[in-house]
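I opened a notebook for this structure today. Below is what I looked up, entry by entry.

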Protein chains: 2
Amino acid sequence: MRQAGRYLPEYRKLRGDRDILEAARDPDLVVEVTLQPLRRMELDAAILFSDIMVPLHATGTEVRVEAGVGPIVGGPFRSAADVSRLRPLEPEADVPFVLESIRLLRKDLTVPLIGFAGAPFTLASYLIEGRPSRTHDRTKAMMFDPSSPWFALADALADLSASYLRAQVDAGVEALQVFDSWAGALSRADYERYVRPSMTRLFDSIADLDVPVIHFGVGTGEFLPEMRHDAVDVVGVDWRLPLDEALSRLVEGVGDGVGIQGNLDPAACLAPWPVVEEKARAVLSAADNKDGHVFNLGHGVLPETDPATLERLVDLVHAETAR
Amino acid sequence: MRQAGRYLPEYRKLRGDRDILEAARDPDLVVEVTLQPLRRMELDAAILFSDIMVPLHATGTEVRVEAGVGPIVGGPFRSAADVSRLRPLEPEADVPFVLESIRLLRKDLTVPLIGFAGAPFTLASYLIEGRPSRTHDRTKAMMFDPSSPWFALADALADLSASYLRAQVDAGVEALQVFDSWAGALSRADYERYVRPSMTRLFDSIADLDVPVIHFGVGTGEFLPEMRHDAVDVVGVDWRLPLDEALSRLVEGVGDGVGIQGNLDPAACLAPWPVVEEKARAVLSAADNKDGHVFNLGHGVLPETDPATLERLVDLVHAETAR
């Protein structure tokens, strides 16, 4: 569950109207906001308050995150010249505020801290479209054009995210999540051909890190097995697919040995409690108390969610899984 | 394939900056725009130029379609009082321009004319959110709230669409398509519980009409069998799921006897021709020249599509399926 966010009044008050990319540069704020959900709920882990655009912003990409819209990129990427504007991340120089936040958090935390980064397709979509897109037309057009710099872009983003993830682990995070929020716009064949190579590159480069890795997607039910990699311990599944079916797909032909994360519809948390409870129990029941199930929402907490609902949800999941 | 649209320069020229809901009220324009794609391409059918919001607009809902955005509804629906603002369609009084357009078109056309309407979930989402939404939060919140007027709203919209479809058939359309563009945001369980009843109501009320009915969805691969109904002849499938797998799911447990429509990714048509060709052949190959396959894009033609690509695509499909 992306815990820190706009659904918490104490978060909105603290952040004010600062861009999240600016807020993420302030370790005191990052620490406080990361801890806020833990003060309300008995969560099993903390997730670093940050944004997947942080390493791009920190290496010179002109980007801001507009409230209620999402990332807006100045000078969207279209050509090889645009791709060459990307440079490798030098963590200590580019994102010292992230590393400092992690070090500070590790002093306070009694639960594991999860760090994260964006996956190449999702990052590329923001860079190419220049803003959030429902259809990702321009991204796909570049992907489908053999003369385009698609693979160079995807590889550069894989390297950026890999460096960023490694630096977070070096600073102290104890689990990693790779967010590919928009890969679900693709067919299995296109994912395999245009996206999986850069995912393999990313996961290969962090395979030596001794922390669990979660590969998160939304609407990726048709290519869950393709989201696996030796370095991936857990695959995220959204609410479109029941977890028992997701598990069958994940193990078919590739064997067991992978956990599953999900998959309550975030919109379910807007419902009256008996509906939330019924839906949460359905998730737990489909997962059948299996080892390696990480209960989670299928996507981020919606801003209009009542924190009290999340508090009850956490208690319910703990009560049910302790049995 | 939603044929009439912004990808055609002759369409953009003719429509100018008029709202599509206004343009749809002008039978001369509707006839011309419906015919435009047929002058360029040897299409097997024509689809009436219109919009799924037409019957709502015509019965008093305050709505406009903003270019590049979509439907914007004044006074979004939240309460039972809002739902009571809907009234039944009186086709001859409310949408005479649609019926007149159909009658005029039938004189000119040598291919079948397809009429269409929106499905309750998709229409409800526009009414409740007030604008296009990626997550449909408010719609789901109403759906999940047992004290809300969700089922009354969905039933009223089913009745509106059923009347509208019947009137189109009476005026001369020879096939129908029901668009549920956003149902793919739902899990199978939620579709079954909150949406299928109104779909059943809609299809039950048009079951006596002697024309083929296509049930169109995007991202609905997890509940294709639930989209079937005795009145549904063809189920639409988007590019996320190969057609052979879609067919297996459609017949599993419910038997054969349904056609399939799809499923080229509209973004594929932005690619260089060899890529379009490869992807179109993959669609045809997955459908295996099966009777009852309607070749189509998985969603509407993107505005930036080169019409020449679509012309070649139509020729390719004809050449391949004539074999």
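**Entry: B:Trp150**

I began with B:Trp150 and asked whether it is buried or exposed. The model is a predicted one, and I kept that in mind throughout. B:Trp150 comes out at 1% relative accessibility. The cut-off for buried is under 20%, so B:Trp150 counts as buried.

I then placed B:Trp150 in the chain: it sits in helix 10 of chain B, residues 150-171. I listed what B:Trp150 touches, leaving out residues up to four places away in sequence. The list reads B:Phe121, B:Ala124, B:Ile128, B:Thr139, B:Met142, B:Met143, B:Tyr194 and B:Val195. I checked B:Thr139 further. Its C-alpha atom is 8.7 Å from that of B:Trp150, and the two residues are eleven apart along the chain.

**Entry: helix 8 against helix 10, chain A**

Next I turned to chain A and looked at helix 8 and helix 10 there. At what angle do their axes cross? I read roughly 115°, with the axes coming within 9 Å. The crossing is right-handed.

I noted the residues that meet. Helix 8 of chain A brings A:Pro120, A:Phe121, A:Leu123, A:Ala124, A:Leu127 and A:Ile128. Helix 10 of chain A brings A:Trp150, A:Leu153, A:Ala154, A:Leu157, A:Ala158 and A:Ser161. By class, this contact of helix 8 with helix 10 in chain A has eleven nonpolar residues, one polar and no charged ones.

**Entry: helix 9, chain A**

I went on to helix 9 of chain A, residues 137-144. How many of its eight residues are buried? I found seven, and the helix is mostly covered. The buried ones are A:Asp137, A:Thr139, A:Lys140, A:Ala141, A:Met142, A:Met143 and A:Phe144.

I asked what these buried residues pack against. Within chain A, I found helix 8, helix 10 and helix 11 (188-206). From chain B, helix 13 (273-287) joins them.

**Entry: the two His136 residues**

I looked at the loop between helix 8 and helix 9 of chain A, where A:His136 has its place. Its phi is near 55°, a positive value, and the residue is not a glycine. That made me stop, because most residues other than glycine have a negative phi. A:His136 has a relative accessible area of 3%, so it is buried.

I checked chain B for its own residue 136. B:His136 is placed in the loop between helix 8 and helix 9 of chain B. Its phi is positive too, about 55°. B:His136 has 2% relative accessibility and therefore counts as buried.

**Entry: cis peptide bonds**

I searched for cis bonds next. In chain A, the peptide bond from A:Gly262 to A:Asn263 is cis, with omega near -10°. I noted this because most peptide bonds are trans. A:Asn263 belongs to strand 8 of chain A, residues 259-264.

In chain B, a cis peptide bond joins B:Gly262 and B:Asn263, with omega about -10°. I found B:Asn263 in strand 8 of chain B, residues 259-264.

**Entry: A:Asp238**

A:Asn263 came up again when I listed the contacts of A:Asp238. I set aside neighbours within four places in sequence. What remained was A:Gly217, A:Val218, A:Gly219, A:Asn263 and A:Gly298. A:Asp238 lies in the loop between strand 7 (234-236) and helix 12 (243-251) of chain A. Its relative accessibility is 4%, so A:Asp238 counts as buried. I also noted a polar contact of 2.4 Å between the side chains of A:Asp238 and A:Arg240.

**Entry: chain A with chain B**

A:Arg240 led me to the interface. I found 36 residues from chain A and 36 residues from chain B in the contact. The area buried between the chains is about 2900 Å², and carbon and sulfur atoms give 49% of this. Which residues of chain A lose the most area to chain B? I got A:Arg134, A:Phe144 and A:Arg240, together 20% of what that side buries.

**Entry: A:Glu42**

My last stop was A:Glu42, in the loop between helix 3 (27-40) and strand 1 (46-47) of chain A. At 60% relative accessibility, A:Glu42 counts as exposed. I found that A:Glu42 touches A:Val314 and A:His318, not counting residues up to four places away in sequence. A:Glu42 and A:His318 are 276 residues apart along the chain, with their C-alpha atoms separated by 8.8 Å.

Key: Residues numbered from 1 in each chain as written. Chains lettered and ligands numbered in written order. Predicted model: local features only at pLDDT ≥ 70, side-chain atom pairs only at ≥ 80, totals over all residues. Heavy atoms only, no water. Helix = DSSP H or I, 4+ residues; strand = E, 2+ residues; numbered from the N terminus. Buried < 20%, exposed > 50% of the residue type's maximum accessible area, 1.4 Å probe, protein only. Polar contact = N/O pair within 3.5 Å; in protein donor to acceptor, adjacent residues only side chain to side chain. Contact = heavy atoms within 4.5 Å. Axes fitted to C-alpha atoms, helices over the stretch in contact; angles between N-to-C directions. Left-handed = near helix turned anticlockwise from the far one by under 90°. Nonpolar A, V, L, I, M, F, W, Y, C, P; charged D, E, K, R; others polar. Buried area = accessible area lost by both parts, 1.4 Å probe.
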